[in-house]
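Thank you all for coming; I would like to walk you through one structure today, beginning with the core, then a helix, then the metal site and finally a cavity. Please have a look at it before I start.

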Amino acid sequence: MLEFDAGRFAREFSKELAPRDTLPLGQVLRIHTRDCYTGQIKADGSVGPSLGPNPATGPFFVEGARPGDTLVVEVLDIGLPAYGIMRVREGLGAMQEVIQGHDARVLPIQGGKTCLNGVWLPLAPMIGVIGVAPGGSAVDNDTPGRHGGNMDDRRIGPGARVYLPVAVEGALFGLGDLHAQMGDGEVAICGLEVAGYVDLRLSLLHGRQEEWPVVERDGSFSINCSAKTLDEAARLARYGLHRFLQSRTKLDANTVAMLQSLVCDLSVCQLVDPLVTVRMALRSGVLDIAF
Ligand code: CA
Ligand code: CA
C-alpha cells in the first residue's frame, strides 16, 4: 500500500499550490491527516499556540486528471487514534446562546466508542474536508464550495464514494479534518476531531462532471451544495438533485419533483462554516442509477 504522511499539508485549495506527490489511480492509498487544530490541543488537554485551522494533507497531483473530469474518491477505511478533541467557545458556532467561556476536552476512543462526561457514545468516522483545487480563486479550508472542501458531510465515511469536479490539471486533491463522530449540523462548531488516516482508491470519469460534489453511499446519491444561507444552500441542493435525477431517469420534471418529495431527504451537513452546506439525497434502494 502506498502511504503518505501528514507532514505536508495546505490550508487552502488553490491551483497555485505545487503538488507534494503524485497519486496513481486504482491503488489503495493511505493518507495520514492532522486534526483540525493542527495538533494545537495536546492529549493532556493543554492548548499550545495556534498553527491555524483545518490542514488538508496535500495537495496531490492525481495521475491523468484533466479539467472537465470527475475525480472519484472511494473511501475504504478511516483509522482513528486513541483520543479525539472537542473545543467550543463563546462567539463561535450555532450554540452561542448557551456556550460559555472556552472549553477544550480530550475524549477517549476505545472499542469503537467515545465517552463524553460519563456517557458512552458510538463512533461513525468521517472526513470533514475533502476537495480539489477550484478553477478560479483559492478557497480556504474553512469554506466549502463546488470544489468540495469543508463540507462536513457525515456520510463521507467508509463505504462512500465522493465525486469531485476536476477544474485543473492533476486535480490538486487534498483531505483532512477527520471526525470520529459528528451530528448533522455540527452545531457547537466541531465534531470529535481527530488526527488519523484514510484508506482510499481514486478513479477518474473523463469529460463529465456535475456542478457540485456528489456523495454516493449504499446506492444513495446526494448533491452537496454550499451557500451563505441555509435557504440558498437548500435551494441549490433540491434543484441540483432534480437535474441529477432527471438526467439519469429521463422522467419528466414534475415526476422527478414528486419523487424528491417522496423518497429524497434534505439535510443540513453543517451550519457553522463561512458557507453552510446542505445535501439532498435520494434514499438507498429506490432507483437503480449510477453517477
Ligand atoms: Ca469541518
Ligand atoms: Ca472539524
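By a nonpolar core I mean a set of buried Ala, Val, Leu, Ile, Met, Phe, Trp, Tyr and Cys residues that are joined through side-chain atoms within 4.5 Å. Please keep in mind throughout that this is a predicted model.

With that in hand, the largest nonpolar core has 35 residues, and those with the most contacts inside it are Leu71, Val73, Ile127, Ile130, Phe173 and Leu200. The elements that contribute two or more residues to this core are β5, β6, β7, β9, β12, β16, β17 and β19. If we take leucine 200 and set aside its neighbours within four places in sequence, its contacts include Val28, Leu29 and Ile31, together with Val73, Leu76, Phe173 and Leu175. Apart from the largest core lies another one, of 25 residues, among them Tyr163, Leu236, Val263 and Val276.

Leu236 brings me to helix α1, where it is one of the buried residues, alongside others including Ala233, Gly240, His242 and Phe244. Helix α1 covers residues 230–249, and at 1.5 Å a residue its 20 residues should span 28 Å, which agrees with the 28 Å between its end C-alpha atoms. What do the buried residues of α1 pack against? Their partners are the strands β20, β21, β22 and β23, and also α2. Just after α1, lysine 250 takes a positive phi of about 65°.

Let me turn to the metal site. The calcium ion written as ligand 1 has protein donors from Asn150, through OD1, from Asp152, which is listed twice through OD, and from Asp177, also through OD, and these lie 2.2 to 2.4 Å from the ion. In sequence, the donor residues are spaced N-x1-D-x24-D. The calcium ion (ligand 1) is 3.4 Å from the calcium ion (ligand 2), and aspartate 177 coordinates both. Because asparagine 150 lies in strand β15 and aspartate 177 in strand β17, the pair ties together parts that are 27 residues apart in sequence. Asparagine 150 is buried, with a relative accessible area of 2%, and aspartate 177 is buried too, at 3%.

Last, the empty space. The structure holds one cavity of 30 Å³ or more, and the largest cavity has a volume of about 40 Å³. Its lining includes Phe13, Ala56, Pro59, Asn141 and Phe173. At least two lining residues come from each of β3, β6 and β17, with β6 giving the largest share, three residues.

Note on methods: Residues are numbered from 1 along each chain as its sequence is written. Chains are lettered from A and ligands numbered from 1 in the order in which they are written. This is a predicted model: local features need pLDDT of at least 70, side-chain atom pairs count only at pLDDT 80 or more; totals for chains, interfaces and linings use all residues. Side-chain values use heavy atoms; hydrogens and water are left out. Buried means under 20% relative accessible area, exposed over 50%, partly exposed in between (1.4 Å probe, protein chains only). Helices (H or I, at least four residues) and strands (E, at least two) are DSSP runs, numbered from the N terminus. Contact means heavy atoms within 4.5 Å. The expected span of a helix is 1.5 Å times one less than its number of residues. Donors are N, O and S atoms within 2.8 Å of the metal (3.2 Å for Na, K and Ca); water is not among the atoms, so sites may look incomplete. On a 1 Å grid over the protein atoms alone, a cavity is a set of points where a 1.4 Å probe fits but cannot get out, and a pocket is an open set with protein on both sides within 12 Å along at least five of seven lines; lining residues have an atom within 4 Å of a point. Grid points are joined across faces, edges and corners, and a volume is the space filled by probe spheres set on the points.
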